[in-house]
Amino acid sequence: MRLVILESPFAGDEQYHIEYARLCVRDSLLRGEAPLASHLLYSQPTILDDSVPEERNMGIAAGLFWGAMADASVVYTDLGISQGMALGIA
């Protein structure tokens, strides 16, 4: 399996984007990849609060750190590219 970091939108309609990201994780797994969607992991209740800028930035930084160790960054663009995704892509 190749290690991949997933990029999909999160800000805005969070519940819709969470469901979409879960589908992205499933798609990646079915392709034989080992995905990490840090925005799903770090934004869970009691972990980090995405509405608090310092905590959002902490989650983005942690995701970027893991992404640097991945074999690939997989970008799901069906819903467009958010600012957070753009950071991950760069």
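**A tour from strand to pocket**

Start by selecting β1, helix α1 (residues 14-30) and β2, which together make a right-handed β-α-β unit in what is a predicted model.

Next, hide the helix for a moment and look at the two strands: β1 and β2 (residues 33-36) run parallel, and 4 bridges join them. To find one place where the strands face each other, select isoleucine 5, which stands opposite leucine 36 in β2.

Now bring the helix back and turn to the largest nonpolar core, which has 13 residues, and in which Leu6, Leu40 and Tyr76 are the residues with the most contacts. If you colour this core by element, you will find that β1, α1 and β3 (72-75) each give two or more residues to it, and that α1 gives the most, with 5 residues.

The last stop is the largest pocket, whose volume is about 360 Å³. Select Phe10, Ser38, His39, Arg56 and Ile60, which are the residues nearest the centre of this pocket among the 25 that line it. Widening the selection to whole elements, you can pick out β1 (2-7), α2 (38-42), α3 (53-69) and α4 (83-89), each of which supplies at least two residues of the lining.

Which element should you select to see the largest share of the lining of this pocket? Select α3, since 6 residues of the lining come from it. Finally, colour the lining of the largest pocket by residue type, and the residues will divide into 10 nonpolar, 10 polar and 5 charged.

Methods
Residues numbered from 1 in each chain as written. Predicted model: local features only at pLDDT ≥ 70, side-chain atom pairs only at ≥ 80, totals over all residues. Heavy atoms only, no water. 1 Å grid on protein atoms, 1.4 Å probe; cavity = no way out; pocket = protein on both sides within 12 Å on 5 of 7 lines; lining within 4 Å. Points joined across faces, edges and corners; volume = space filled by probe spheres on them. Nonpolar A, V, L, I, M, F, W, Y, C, P; charged D, E, K, R; others polar. Pairing = 2+ DSSP bridges. Right-handed = clockwise from strand over helix to strand, strands pointing away. Core = buried A, V, L, I, M, F, W, Y, C linked by side-chain atoms within 4.5 Å. Buried < 20%, exposed > 50% of the residue type's maximum accessible area, 1.4 Å probe, protein only.
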